[in-house]
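The following note sets out numbered comments for a colleague who is reviewing this model. Each point takes up one part of the chain.

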Amino acid sequence: MTSPSSGSRIDTSRAHPARVYDWLLGGKDNYPVDQEVAEKLPKEARLNAMRNRAFMHRAAAWLAGNGIDQFLDIGTGIPTEPNLHQIVQGIVPSARIAYADNDPIVLRHAEALLVSSREGATDYIEADVRRPDAILEHARTFLDFSRPVALSMIALMHFITDEEDPYGLTRTLVDALPSGSYLMFSHGTTDEHPHLVKSVTTTYRKGEIPLRMRTRAEVEPFFEGLDLLDPGLVTATKWYKDSPAPAEELSGFYVGVARVP
């Protein structure tokens, strides 16, 4: 892994989505303020986080198995094994993975845990998806944008409000990718849990974390202009390719993988 450095201070006075998600996945790299938010979420939240994580594993493995050896993962979160690079480099040892997140605690753990295979490489960018140009500028020093790149945006854009232009931010990132690249994407929804809308949004709001769950119709525009692969835009447990079918369960995420034409 390249050696990142940052003078950013970890703010333990406010909850952060990466640390709340870490708690939901059973991790221990979080603080009481994060635990307070996570523990107030309905029990389905933890199960949905695990189903979403399993989708990422299946999609990343499929992309690597089909020749993609470069990944840009934005909204990395706190490393939870197996990480994306472990999945990918287990199939393509020479793969290069650039991670990006805006919480300094992720950087701290990245230095220790995002250790690449000997043949490949990992990098870490401390940056916010709201500044896509900064992410791309750094990523171009590590990844070869003349060849296909898989852009991973997992459980990220529901923390971007409508006023922050989530579709425009995604389009800026996708437009920078060469033909043959892919978007690997998941987004929170309450379509299958309508009775939880109020409790989930209220809990995050009290934790001062913006949250904008979106319907299927509102998630579709993230894939505009891309070739959405089968099985299309589906809930997390319904997306699989050459792996065994997951148990079909209710999900709090819409997911999809699309090719850049």
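1. Strand S6, aspartate 227. In this predicted model, aspartate 227 belongs to strand S6, which comprises residues 227–228. The relative accessible area of aspartate 227 is 41%, and the residue is therefore classed as partly exposed, since that class lies between the 20% limit for buried and the 50% limit for exposed. Leaving aside residues up to four places away in sequence, aspartate 227 touches Val257, Ala258, Arg259 and Pro261. The C-alpha atoms of aspartate 227 and proline 261 are 6.7 Å apart, although the two residues are 34 apart in sequence.

2. Strand S6, leucine 228. Leucine 228 is also placed in S6. Its relative accessibility is 35%, so leucine 228 counts as partly exposed. With residues up to four places away in sequence not counted, leucine 228 is in contact with Phe223, Leu233, Gly256, Val257 and Ala258. Val257 and Ala258 are thus among the residues touched by aspartate 227 and among those touched by leucine 228. Leucine 228 and tyrosine 182 are separated by 46 residues in sequence and by 9.4 Å in space, C-alpha to C-alpha.

3. The loop after S6. Proline 231 lies in the loop between S6 and strand S7 (234–235). The peptide bond that leads from aspartate 230 to proline 231 is cis, and its omega is near 10°. As general background, most peptide bonds are trans. A reviewer may wish to look at this bond in the display.

4. The loop between S4 and H7. Which residues of this loop have a positive phi without being glycine? Alanine 155 is one of them, with phi near 55°, and aspartate 165 is another, with phi near 60°. Alanine 155 is found in the loop between strand S4 (150–153) and H7, and aspartate 165 is placed in the loop between S4 and H7 as well. As to their surroundings, alanine 155 has 12% relative accessibility and so counts as buried, whereas aspartate 165 has a relative accessible area of 42% and is partly exposed. In general, most residues other than glycine have a negative phi.

5. Helix H6. The buried residues of helix H6 (residues 132–139) are Pro132, Ile135, Leu136 and Ala139. These residues lie on the same side of H6, because they cover an arc of only 95° around the axis. Residues three or four places apart in an α-helix point the same way, because there are 3.6 residues a turn. On the other side of H6, Asp133 and Glu137 are exposed. The cover over the buried residues of H6 includes strand S1 (70–74), strand S3 (121–126) and helix H7 (166–175).

6. Helix H8. In helix H8 (residues 197–206), Val200, Thr203 and Tyr204 are the buried residues. They line one face of the helix, since, seen down the axis of H8, they fall within an arc of 95°. The face turned away from this buried side carries the exposed residues Lys198, Arg205 and Lys206. The buried residues of H8 pack against helix H1 (17–24) and helix H2 (32–40). Just after H8, glutamate 208 has a positive phi of about 60°.

7. Helix H1. How many of the eight residues of H1 are buried? Six of the eight are, and H1 is accordingly described as mostly covered. The buried residues are Ala18, Arg19, Val20, Tyr21, Asp22 and Leu24. H1 is followed by glycine 26, which has a positive phi near 90°.

8. The chain overall. The protein chain has nine helices and eight strands. Its radius of gyration is 17 Å, close to the 18 Å that the globule rule gives for 261 residues, so the chain is as compact as a globular protein of that length. Along the principal axes, the C-alpha trace spans about 45 × 40 × 35 Å. Of the 261 residues, 55% count as buried. Among contacts between residues at least 6 apart in sequence, 75% join residues at least 24 apart.

9. Surface and charge. The accessible surface of the protein chain is about 11,400 Å², and 50% of this belongs to carbon and sulfur atoms. The chain has 27 positive and 36 negative charges, and the mean positions of the two sets are 3 Å apart.

Definitions and conventions. Residues numbered from 1 in each chain as written. Predicted model: local features only at pLDDT ≥ 70, side-chain atom pairs only at ≥ 80, totals over all residues. Heavy atoms only, no water. Helix = DSSP H or I, 4+ residues; strand = E, 2+ residues; numbered from the N terminus. Rg over C-alpha atoms; globule rule 2.2 N^0.38 Å. Buried < 20%, exposed > 50% of the residue type's maximum accessible area, 1.4 Å probe, protein only. Contact = heavy atoms within 4.5 Å. Areas by Shrake-Rupley, 256 points an atom, 1.4 Å probe, with all protein chains shown as cover. Lys, Arg positive; Asp, Glu negative; His and termini not counted. Charge placed at Lys NZ, Arg CZ, Asp CG, Glu CD. Arc of directions from axis to C-beta.
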